[in-house]
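Colleague: I would like a close look at one part of this model. Please take the packing of the helices there, then work outward to the rest.

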Amino acid sequence: MITLKEALKLDKDALNKFKKDLKIKIKENSELNAYIDVNEKGDGIPIAIKDNIQVKDWTVTSGSNILQGYISPYNATVIEKMAEAGLSPFGRTNMDEFAMGSTTESSFYGKTLNPHNSDCVPGGSSGGSAAAVGAGLAIAALGSDTGGSIRQPAAFCGIVGMKPTYGRVSRYGLGAYASSLDQIGPMTQNVEDAAILYDIISGSDDKDSTNAKMDDKVTPNLNPNRKLRIAILPKYLAQASQDVKDAYEKAIDALKSAGHEIVEKEMMDAKFDISAYYITATAEATTNLARYDGIRYGNRITGSNLEDTFIKTRSNGFGDEVKRRILLGNFVLSSGYYEAYYVKAQKTRHIIKDNYAKIFEEVDLILSPVAPTTANKFGELKNPMDMYLSDIYTISVNLAGLPALALPISKNADGMPVGLQLIAKAYDEQTLFDGSLSLEKQINYNS
């Protein structure tokens, strides 16, 4: 598959031929179920789009039954920015329903397969985007990251996935899961492509009140030769598998060889991250998903009265995982439990942010695992708690609003990719991309 950088140099005829060939290739690999459909919009470079990002006149369903029949009346800001740069939406990719999951098994459209092993999950919730890029069925894709939903599937599928600083990329037109955590980001074949796509979709937007209104670009200043201070977290790997520990050591050696200074640091126990994240995310999800009632748009089941219509529509329209999180969110926001759970979670979130800030007083980047293991086999995370714990290394980044980039480091004995992430301080995407590019060049991962 050609890279985004190479695709930007194609003339119109070559691009049209490429798109025709790509459609054939996607059809030949339909068993992967990376794509829900292969719509086109515009004549630019084709970029796969996660099914929770609005594209005008497309069916956009967030992987859910309750939004069947909904046609988007507008473009998300990232789609408008892509069009201005000569990129076009090309196909909707599969995802966990309303981005709630770590395996893409909760999708209304069925599971997506990992391109490296069809018995394994591609990760989630942006599993379709990751599988499409990992299988050579997309030049690049857009995903969304609420608690690792770009970085974890990127690590499982052997590609690059980047979560921007909260506010750097407009959320206007993104189907909301947890509004204070969600971010759209690039999923690409390499770090430079991620930087190019990030530059295209980031920047000011008056339609998003949480937008940072920052328009600086990273690609013109990419410098893999910068020497950085990078923190490693040896004690943080206690719950990681041997494959992840081996990849971590390999990455440390590579960073040292590239001339970076390695500094040992400690993070607070990740069990606090899990608690704070799932209380915060489910509380916000409960509020955001209240709008799906079958009255204004989407799939409706008419009951005997208004209340019965609500109950039947939502009971039939939402899957088990979404219902579980709505119930949990309502519980932590309910009278008598709000102070005990939600308020405490926000205090913990502040402590997590302070923990990162203290480390970043002395270092430029942090090297961290993405997931405790390589891609799980289907059915291994049937217990919801096991699935929630699989996010242990990614969710603190969202709670603190920081940028992070996952990239492939090695493969285990079974040929499955092992990815790690670099984390930077808020709004320092330049350092994040510089360090990531340096590590990528030193590792020379071969997919």
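Modeller: Helix 10 and helix 11 are roughly perpendicular to each other. This is a predicted model. The axes of helix 10 (residues 320-333) and helix 11 (residues 338-360) cross at roughly 105°. They come within 7 Å. From helix 10, the contact uses Phe331, Val332 and Leu333. From helix 11, Tyr338, Tyr341 and Tyr342 meet them. By class, that contact has six nonpolar residues, with no polar and no charged ones.

Helix 10 also packs on helix 8. The axes of helix 8 and helix 10 come within 7 Å and cross at roughly 100°. That crossing makes helix 8 roughly perpendicular to helix 10. On the helix 8 side, the contact is made by Tyr278, Ile279, Thr282, Ala283, Thr286 and Thr287. On the helix 10 side, the residues are Arg325, Ile326, Leu328, Gly329, Asn330, Val332 and Leu333. This contact divides into seven nonpolar, five polar and one charged. Val332 and Leu333 of helix 10 meet helix 8, and Val332 and Leu333 also meet helix 11.

Next, the loop that follows helix 8. Gly294 lies between helix 8 (270-288) and helix 9 (306-317). Gly294 is buried, at a relative accessible area of 3%. Leaving aside residues up to four places away in sequence, Gly294 touches Asn299, Arg300 and Thr313. Tyr248 is 46 residues from Gly294 along the chain, and their C-alpha atoms are separated by 48 Å.

Now the nonpolar cores. In soluble globular proteins, nonpolar side chains tend to be buried together. The largest nonpolar core here has 134 residues. Leu142, Tyr356, Leu367 and Phe433 touch the most other members. Helix 6 (residues 191-201) gives this core its largest share, eight residues. Apart from this core lies another, of five residues. Among its members are Ile279, Ala283, Val332 and Ala345. Three of these names came up above: Ile279 and Ala283 in helix 8 and Val332 in helix 10 belong to the contact of those helices.

Leu142 deserves its own list. Not counting residues up to four places away in sequence, its contacts include Ile47, Ala48, Ile49, Lys50 and Ile53. Leu142 also touches Val78, Met82, Ser129, Ile184, Gly185, Leu197 and Ile201.

Two of those contacts, Val78 and Met82, are buried residues of helix 3 (residues 77-84). Thr77, Ile79 and Lys81 of helix 3 are buried too. What covers them includes strand 2 (45-50), strand 3 (87-93), strand 4 (140-145), strand 6 (183-188) and helix 6. Just after helix 3, Gly86 takes a positive phi of about 85°.

Then Arg151, in helix 5 (residues 151-157). Its relative accessible area is 0%, so Arg151 is buried. Outside the residues up to four places away in sequence, Arg151 touches Asp145, Gly161, Lys163, Val370 and Thr394, among others. Val397, Asn398, Ala404, Ala406 and Gln421 are also in contact with Arg151.

What about the cysteines? A search of the whole structure finds zero disulfides. The sulfur of Cys120 is 10 Å from the closest cysteine sulfur, in Cys157, too far for a bond. Cys120 counts as buried, at 3% relative accessibility. Cys157 counts as buried as well, at 1% relative accessibility.

Last, the backbone. Most residues other than glycine have a negative phi, and most peptide bonds are trans. Asn33 has a positive phi of about 60° although it is not a glycine. Asn33 sits in the loop between helix 2 (12-28) and strand 1 (35-40). At 18% relative accessibility, Asn33 counts as buried. Asp57 also has a positive phi, near 75°. Its place is in the loop between strand 2 and helix 3. Asp57 counts as exposed, at 55% relative accessibility. A cis peptide bond joins Gly124 and Ser125, with omega about 5°. Ser125 lies in the loop between strand 3 and helix 4 (127-134).

Methods
Residues are numbered from 1 along each chain as its sequence is written. This is a predicted model: local features need pLDDT of at least 70, side-chain atom pairs count only at pLDDT 80 or more; totals for chains, interfaces and linings use all residues. Side-chain values use heavy atoms; hydrogens and water are left out. A nonpolar core is a set of buried Ala, Val, Leu, Ile, Met, Phe, Trp, Tyr and Cys residues joined through side-chain atoms within 4.5 Å. Buried means under 20% relative accessible area, exposed over 50%, partly exposed in between (1.4 Å probe, protein chains only). Helices (H or I, at least four residues) and strands (E, at least two) are DSSP runs, numbered from the N terminus. Contact means heavy atoms within 4.5 Å. Axes are lines fitted to C-alpha atoms, for helices over the stretch in contact, and angles run from 0 to 180 degrees between N-to-C directions. Angles under 35 degrees count as roughly parallel, over 145 as roughly antiparallel, 65 to 115 as roughly perpendicular and the rest as oblique. Ala, Val, Leu, Ile, Met, Phe, Trp, Tyr, Cys and Pro count as nonpolar, Asp, Glu, Lys and Arg as charged, and the others, Gly among them, as polar. A disulfide is a pair of cysteine sulfur atoms within 2.5 Å.
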